[in-house]
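Please open the model in your viewer and keep the selection tool at hand. The tour below moves from the enclosed spaces to the open ones.

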Amino acid sequence: MRKHANCFQAAEILLPDSQKTDISRWAVVACDQYTSEPEYWHRAEEIVGDAPSTLRMILPEVWLGEGDARLPDIHAAMERALSDVLVSYPDTMLLLERVQSDGKTRLGLIGAVDLECYDYHKGSTSLIRATEGTVLERIPPRVKIRRGAPLELPHVMLLIDDPDRTVIEPLLKNAKSAPALYDHDLMLGGGHARATVIPPEAQTQILDALEALVTPEAMEARYGNPSLSPLLFAVGDGNHSLATAKAAYEEIKAQVGPEAALSHPARYALAEVVNLHDTALEFEPIYRVVFGADPDALLSELEREIATLHGGAQAQTITVVRGKEEYTLCVPSPESQLAVGTLQAFLARYSEAHPEVTVDYIHGEDSLRMLASREGAVGFLFDGMRKDELFRTVIYDGALPRKTFSMGHAPDKRYYMECRRIK
């Protein structure tokens, strides 16, 4: 009997007919990418033109300050897509084969997760957990978008710790000969995506395999303790997107009551599940770049704080990038286990004391160096965490520091493709 795998299920998935819609213009990258590079989104606008596109149904975070003005157009675009573009696939799970920008193929399982199984608050022991601290202030403007939306377009990627590859990988054998719902290149260097429908009997096998990942025996074998609260899904990407879905669902629950909310479509959220042990999945550090600070004052204060640390973690290094200048700071006695934790703790305090300062979170060394070349900007590079540390760390220590890691480079993030009704 399944106890835990019921938090994942098939869904009514809505997709455009790929014979009638240009998928290369329909699908756009996750809205939280290229937040300091508006030129990327301008290029996407030029490519899309007047074609049906998810670009019209999302708010790229680079334009987050324009949310109220853009909201009516976003909701209107969703309604048009429902009437003219989208085709319904009931009770569906999809297998996604995503060719990344590096040529490697990553497998994903697309279905719906039950938000009753998810808690993004600190100290959560739910089956679905955040892997990083959730910034509660980031949720209300996103809830405002979701509140009136008839559709959700997910960029959430959930991780499973499946070293024996029992859940997703067995699906690939039959998928090679199955007809694809879409099989297209993605815009602006996003690689290629192919999706096939998973037959009902394979869906049953998926749920059985998920359940086996969180038995007491499995928890003891992987983490050394059978009595640990099981963690089935760790949020790899889209933490604030899933938190927004949860917050919006809690709003509905307060309005209609707990009993009625259980049958509301907003109880569920569409997501892609990826095996942590997929060989194409690589963890990349998320670097920091600071704007609006006095660089000399910022760095002097950072160096003073490093000198006051007397923790027991292993020594760390942080590379400072200022224009064409780069040098390394050594942290001999950090209190945080990760260099990103040491730096993030400092930047959080510094930016709170200096409201004129902004901190951006950057994927890729080249992008960071480009941004750090701007007048008054300071960038920080550091080593990332290993992906095999993730589940154990979250289970034993809770959520990681905000923006600790990224699953691959920006163009390899999830593209908006599938939709689902939430009203």
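Which helices and strands each supply at least two residues of the lining of the largest cavity? Select α3 (67–84), α4 (139–147), β9 (151–152), β13 (233–237), α8 (239–256), β14 (268–275) and β20 (405–407), each of which does so; helices (H or I, at least four residues) and strands (E, at least two) are DSSP runs, numbered from the N terminus. This is a predicted model, in which local features need pLDDT of at least 70 and side-chain atom pairs count only at pLDDT 80 or more, while totals for chains, interfaces and linings use all residues. Residues are numbered from 1 along each chain as its sequence is written, and side-chain values use heavy atoms, with hydrogens and water left out.

**The largest cavity**

Colour α8 separately, since this helix gives the most to the lining, with six residues. Then select Cys-31, His-155, His-240, Ser-241 and Tyr-416, which lie nearest the centre among the 42 lining residues. The space amounts to about 640 Å³, a volume being the space filled by probe spheres set on grid points joined across faces, edges and corners. On a 1 Å grid over the protein atoms alone, a cavity is a set of points where a 1.4 Å probe fits but cannot get out, a pocket is an open set with protein on both sides within 12 Å along at least five of seven lines, and lining residues have an atom within 4 Å of a point.

**Two cysteines**

Stay on Cys-31, which is buried at a relative accessible area of 11%, and add Cys-419, which is buried at 0%; buried means under 20%, exposed over 50% and partly exposed in between, with a 1.4 Å probe and protein chains only. The sulfur of Cys-419 has its closest cysteine sulfur in Cys-31, 14 Å away, which is too far for a bond. The structure holds zero disulfides, a disulfide being a pair of cysteine sulfur atoms within 2.5 Å.

**The second largest cavity**

Next select the residues that line the second largest cavity, among them Arg-98, Arg-106, Glu-272, Arg-414 and Glu-418. This cavity holds about 70 Å³ of space.

**The pockets**

For the largest pocket, of about 690 Å³, select Ser-336, Gln-337, Leu-338, Ala-339 and Glu-389, which lie nearest its centre. Adding α13 (390–397) shows the element with the largest share of this lining, four residues.

Finish at the second largest pocket, of about 550 Å³, where Thr-35, Val-359, Asp-360, Tyr-361 and Arg-402 lie nearest the centre. Its lining takes two or more residues from each of α11, β18 (358–363) and α12 (365–372), and β18 gives the largest share, six residues.
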